[in-house]
Amino acid sequence: MSISCYENVSEDVKKLIKMDTQNTSYVIGIVDDDMFVGHMYYGVRLNDYHLAHVLRIQEIPFLPSKNNRERTSFLDSFPMEYPTYGLGDYREDCISIETKGGHRGLSLQYVSDKVYEGKPALEGLPASFGDEDACSSVEICCEDPYTGLQVELLYTVFDKRDVITRSVKVINKGEDALHVTKVFSACLDMDNRDFEVVSLHGSWARERQIQSVPVSHGKFSVESVRGESSHQDHPFMAIRTRGTNQEHGEVYAMHFVYSGNFKAAVQNDQFDQIRMVMGIHPENFKWKLEPGQAFQAPEVVMLYTQDGMGGMTRILHDFYRNHLIRGEYKDKKRPILLNNWEATYFDFNTDKLIGIAKQASRLGIEMLVMDDGWFGNRFDDNRALGDWTVNEEKLPGGLKYLADEVNKLGMKLGIWFEPEMISPDSDLYRAHPDWAIAIPGRPGSLCRNQYVLDLSRRDVLEHVYESIAKVLRSANIEYVKWDMNRQLSDLGSAFLPADQMGELYHRYVLGVYELQGRMTEEFPYLLLENCSGGGGRFDPGMLYYSPQIWCSDDTDAIERLKIQEGTALIYPLSTMGAHVSDCPNHVLGRVTPFETRGHVALSGTFGYELDVTKIPEEDRRMIPEQVSMYHKYNDLIRQGDYYRIASYSENHFYDCYGVVDKDKKEALYTFVQVLNRPNRHSERLYFRGLDPDRWYRIEGEEETFSGDVLMNAGYLLQSLEGDFKSKLIHIVERSE
Ligand code: DGJ
């Protein structure tokens, strides 16, 4: 068991709970007669538990039981596991309520704890999982004696993965209804050790760019109030000691398993202590709890490592591959697909698609994905969302005929949906205008000429599910791209009463989860790819339902270097939807070599986003080579350890990353020279992840090198001729 409890470890620490992973320890102390749940330590694994002194409780301000005169001073500086609002802790809190009388203050006292093997599921929510061999959990039950509000803090320790997950359940044990106005899922209090905060920011076509800034006095936050995790900010935050690089340095990270509004913040207080928090964004959140009712907050994945940013990356990759991603394709190679969006946009019919599929199948492509435009009156993006019946004008014989024809070519068929939306110009909207999220009497703000369906309503949710399921039952459809092309606004539901309107954002997300959960259960063979106007909802919550997510609408190979670097910082390569697209690129107008586009897409799920009947013959001829390259390397890419060697976003000239198999017998490094430079030496690449004591052969070269030399003395790569050029360096262990 990796969780141990110790009673009365000092006069003031009544109980100590110590959680250990292979390399880290996390320690909680129950302190004072008031039984505060304090945070004592998170960091390198400790063998000992005698650390009561770290709480500074002998210093001013004294503990409340010894000097209640300074209670607020105590509350405002004591390191809390789950700080509450309104009684004197003026830092960013984790929970606030509003009682019948309109009061907000809340305190939490430890009541009991329960330690057990394994991990419970979180009702209605995606969450990591693990059996009794993989993890153990502790539930700490706390109560506010004045309102009867109970809070259960759940911690699960994945000891072999160096990960601890946290979530929170709030139960109203009082006699009156109350509103929860804020409920975060995790908090980490500690001294500031000259930390920097790392986050991911972006925009449409520019998702997940890495940023780091010093943690200074005040607060730094990343957040979304858009109803989804968003293109703009990402539900991830890490703090690291200054000077941390890919291999060395301390990193603490939090990642939210949630797909809606979120807030992550780090605050440096008056005593140079920091508090890092993460949870559902409190803006427009107000959840009513009748006596006896409970609210389950989503999960935060938390880790600490001394092995730098690369260490963090590899911990998260392994954790998600083993404890979050599920389903048929969890560990499987994905079919190479061709998506017709950039090939045809809305201008397609069965003949055109079959023409493309015939050519594609000859080239080795394994699946045709029919994107937006196959249903209702959807001749452009101004109409028909919600009318999920096949447009027989475009597709005579319907989906069944198309699927059968595509299957005859030895290919699978996939289709696009945008189930959460409704166009004002649709039969669905004409029949049910009140099904859209809107403020009554106020014209709704359109985005891409569409509204969002009110998935907090059971009738709407059932209708949406049946519309999707009917289509999927009608033909052999083996893949779904689930898109979401606008963010939420005009928050209003014709179903929810006024005192529950603040539940809409979260109920909407729960509705999305229910739909995807039901769909993957009824159609377990389906490969689901989430998408949101590119990568606007790429988050761990979505990964629980779909093993891959479309990274970005920007398919330009050079822009993708930065987008994929930021994505791969925290997500396994097996999850990154990446395709070779046409040139000039449809977003940027940039022209890059077909080979480079192939090499860059190879580090994701791999596929094509172009009309194979129309591209230049020399590009088309390269496709079978790229197909065999995918088959040769995909196991390694999907399952291996990821190493960032050089970053184009930092050096502005070239990019290099590698994947090394778990046995260190094989590695693939991808080098992309963005801009050539005159009169330069060769580039010296310091490979990472190899075994220093083994000998390796570089494919295509005679000489062999020890891992030691390749990693420490480096490998010299001659500069490539021209800009936007790339090279794969495949390394295998030398056989004697
Ligand atoms: C946005 C997606 O990111 C694109 O790939 C495409 O599916 C369009 N939506 C279709 O409307």
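# Exercises on a predicted model

Glutamine 450 is buried, with a relative accessible area of 0%. The structure examined in these exercises is a predicted model.

## Exercise 1. The surroundings of glutamine 450

Task: Determine where glutamine 450 is placed and which residues it touches, leaving out residues up to four places away in sequence.

Solution.

1. Locate the residue: glutamine 450 belongs to the loop between α6 and β25 (451-452).
2. Classify its accessibility: because buried means under 20% relative accessible area, the value of 0% places glutamine 450 in the buried class.
3. List the contacts: glutamine 450 touches Leu385, Glu418, Met421, Ile422, Pro424, Asn485 and Arg486, with residues up to four places away in sequence not counted.

## Exercise 2. Leucine 385 and serine 423

Task: Describe the setting of leucine 385, and state which atom of this residue the side chain of serine 423 reaches.

Solution.

1. Place leucine 385: this residue sits in the loop between β22 (367-370) and α5 (398-408).
2. Assess its exposure: leucine 385 counts as buried because its relative accessibility is 0%.
3. Collect its contacts: beyond neighbours within four places in sequence, leucine 385 meets Phe375, Arg378, Trp416, Glu418, Met421, Ile422, Ser423, Ser426 and Gln450.
4. Place serine 423: the loop between β24 (421-422) and α6 (427-431) holds this residue, and serine 423 is buried at a relative accessible area of 1%.
5. Identify the atom: the side chain of serine 423 reaches the backbone nitrogen of leucine 385 at 2.7 Å.
6. Complete the picture: with residues up to four places away in sequence excluded, serine 423 touches Arg378, Asn382, Arg383, Ala384, Leu385, Tyr429 and Asn449.
7. Add a distance along the chain: leucine 385 and alanine 264 are 121 residues apart, and their C-alpha atoms are separated by 33 Å.

## Exercise 3. The ligand site

Task: State how many residues surround the ligand, and give the polar distances from its oxygen atoms to the side chains of tryptophan 416, arginine 448 and aspartate 553.

Solution.

1. Count the lining: 13 residues surround the ligand, the closest being Asp371, Asp372, Lys481, Asp483 and Asp553.
2. Take aspartate 553: one of its polar side-chain atoms lies 2.4 Å from an oxygen atom of the ligand.
3. Take arginine 448: an N or O atom of its side chain is 2.9 Å from an oxygen atom of the ligand.
4. Take tryptophan 416: here an N or O atom of the side chain is 3.1 Å from a ligand oxygen atom.
5. Consider the cover: of the 290 Å² of accessible area that the ligand has on its own, the protein covers 98%.

## Exercise 4. Phenylalanine 348

Task: Decide whether phenylalanine 348 is buried or exposed, and list the residues it touches.

Solution.

1. Locate the residue: phenylalanine 348 is in the loop between α3 (341-344) and α4 (350-363).
2. Classify it: with a relative accessible area of 4%, phenylalanine 348 is buried.
3. List the contacts: apart from residues up to four places away in sequence, phenylalanine 348 touches Asn340, Leu353, Met370, Asp371, Asp372, Gly373, Trp374, Lys394 and Leu395.
4. Relate this to the ligand: Asp371 and Asp372, which phenylalanine 348 touches, are among the residues closest to the ligand.
5. Add a separation: the C-alpha atoms of phenylalanine 348 and glycine 373 are 8.3 Å apart, with their positions 25 residues apart along the chain.

## Exercise 5. Two open sheets

Task: Give the strand order of the sheet that contains β32 and of the sheet that contains β1, and name the edge strands.

Solution.

1. Trace the 6-stranded sheet: its order is β32-β33-β34-β39-β36-β37, with antiparallel pairing. The edges are β32 (641-646) and β37 (704-706), each pairing on one side only. Neighbouring strands are turned by 25° against each other on average, direction ignored.
2. Examine β32: 6 of its 6 residues are buried, so the strand is largely enclosed by the rest of the structure. It is joined to β33 by 5 bridges, and aspartate 641 has valine 660 as its bridge partner in β33.
3. Continue to β34: 7 bridges connect β33 (654-660) with β34 (666-673), and valine 659 is partnered by leucine 668.
4. Add the helix: α11 (594-602) lies across β33, β34 and β39 (725-733), at about 50° to β39.
5. Trace the 4-stranded sheet: its order is β1-β2-β3-β4, again antiparallel. β1 (3-7) and β4 (36-44) are at the edges because each has a single partner strand. The average turn between neighbouring strands is 15°, direction ignored.
6. Inspect one pair: β1 and β2 (13-20) share 5 bridges, and cysteine 5 stands opposite isoleucine 17 in β2.

Note on methods. Residues numbered from 1 in each chain as written. Predicted model: local features only at pLDDT ≥ 70, side-chain atom pairs only at ≥ 80, totals over all residues. Heavy atoms only, no water. Pairing = 2+ DSSP bridges. Axes fitted to C-alpha atoms, helices over the stretch in contact; angles between N-to-C directions. Contact = heavy atoms within 4.5 Å. Buried < 20%, exposed > 50% of the residue type's maximum accessible area, 1.4 Å probe, protein only. Near = heavy atom within 4 Å. Polar contact = N/O pair within 3.5 Å; in protein donor to acceptor, adjacent residues only side chain to side chain. Areas by Shrake-Rupley, 256 points an atom, 1.4 Å probe, with all protein chains shown as cover.
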